[in-house]
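The following exercises are to be worked with the sequence and the model at hand. Each task is followed by a solution in steps.

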Amino acid sequence: MVEEAKMQDGAGGRKPAGQGWFVVNAREAEWIHNEQFGAGVTFEGDVSFAQCGVNIQVMWPGQPNGYYHSEHGQEDFLILSGECLLLVEGQERRLRAWDFVHCPPGTEHIFVGAGDGPCVFVGIGARLADEGLHYPAADVALRHKAGVAETTSKADEAYAAVPDTTPGPCPEGVLPDW
């Protein structure tokens, strides 16, 4: 029998304190905030999900959710509200609510907020022992301040000059009431 994980209150909300099944409302979960890359919630505590990562990301117009990259695992995304640009394999695609994006392993991609307000999406990705992260220097990403100037496969190099990410609550008003 799988035990229920104990929940703990963190700096910005609730998160699991160990292994097991749990239920948490996204508005009550602990979020992370970064002035350059927006806000997000992973639903994980001190222990990462072993097989599949799930998160909600929020970006404001002109704000990427990270740096243009590829990895060894599959990733999928569903835009819940707002608009964004998908930078993918050197192209730009405008997305809006309910657009779905599938990225097979090795697909170069990142999202940039667009429109008049925040963009909210759910991301789901495979968890592999070797993530195989690759950050290519790409003009499409650099035009949107969403990429690295020099190609690297090291996340700490790619994100060396990025402001600290801090825990906090769900941003006010970004998760729709359905």
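**Exercise 1. Determine how β3 pairs with β12 and with β4.**

Solution. β3 and β12 run antiparallel to each other and share three bridges; two strands count as paired if DSSP finds at least two bridges between them. Within this pairing, Trp31 has Gly168 of β12 as its bridge partner. β3 also pairs with β4, again in the antiparallel sense and over three bridges. Here Asn34 is matched with Gly38 in β4. The connection from β3 to β4 is a hairpin of three residues.

Before continuing, note that this is a predicted model, in which local features need pLDDT of at least 70, side-chain atom pairs count only at pLDDT 80 or more, and totals for chains, interfaces and linings use all residues. Residues are numbered from 1 along each chain as its sequence is written, and side-chain values use heavy atoms, with hydrogens and water left out.

**Exercise 2. State how many helices and strands the chain has, and describe its overall dimensions.**

Solution. The chain has two helices and twelve strands, where helices (H or I, at least four residues) and strands (E, at least two) are DSSP runs numbered from the N terminus. Their order along the sequence is β-β-β-β-β-β-β-β-β-β-β-α-α-β. Along the principal axes, the C-alpha atoms fill a box of roughly 50 × 35 × 30 Å. Of the 178 residues, 44% are buried; buried means under 20% relative accessible area, exposed over 50%, and partly exposed in between (1.4 Å probe, protein chains only).

**Exercise 3. Characterise the aromatic pair of Phe37 and Tyr159.**

Solution. Rings of Phe, Tyr and Trp (its six-membered ring) pair if their centres lie within 6.5 Å; planes under 30 degrees apart are stacked, over 60 edge-to-face, and the rest tilted. Eight aromatic pairs satisfy this rule. In one of them, Phe37 and Tyr159 meet edge-to-face, with 5.7 Å centre to centre and 80° between the planes. The partners are 122 residues apart: Phe37 is in the loop between β3 and β4 (38–41), and Tyr159 is in the loop between α2 (155–158) and β12 (166–168). Phe37 is buried, because its relative accessibility is 8%, whereas Tyr159, at 26%, is partly exposed. Both belong to a cluster in which ring pairs link Phe37, Tyr67, Tyr135 and Tyr159.

**Exercise 4. Which parts of the chain do the salt bridges Arg127–Glu44 and Glu92–Arg143 tie together?**

Solution. A salt bridge requires a side-chain nitrogen of Lys or Arg within 4 Å of a carboxyl oxygen of Asp or Glu. The count by this rule is seven. Arg127 and Glu44 form one, at 2.8 Å from N to O. Arg127 lies in the loop between β11 and α1 (139–142) and Glu44 in the loop between β4 and β5 (52–59), so this pair ties together parts 83 residues apart in sequence. Arg127 is partly exposed at 30% relative accessibility, while Glu44 is buried at 12%.

In the second salt bridge, the closest N and O atoms of Glu92 and Arg143 are 3.5 Å apart. Glu92 belongs to strand β8 (residues 91–96) and Arg143 to the loop between α1 and α2, so the pair ties together parts 51 residues apart. Glu92 is partly exposed at 36%; Arg143 is exposed at 57%.
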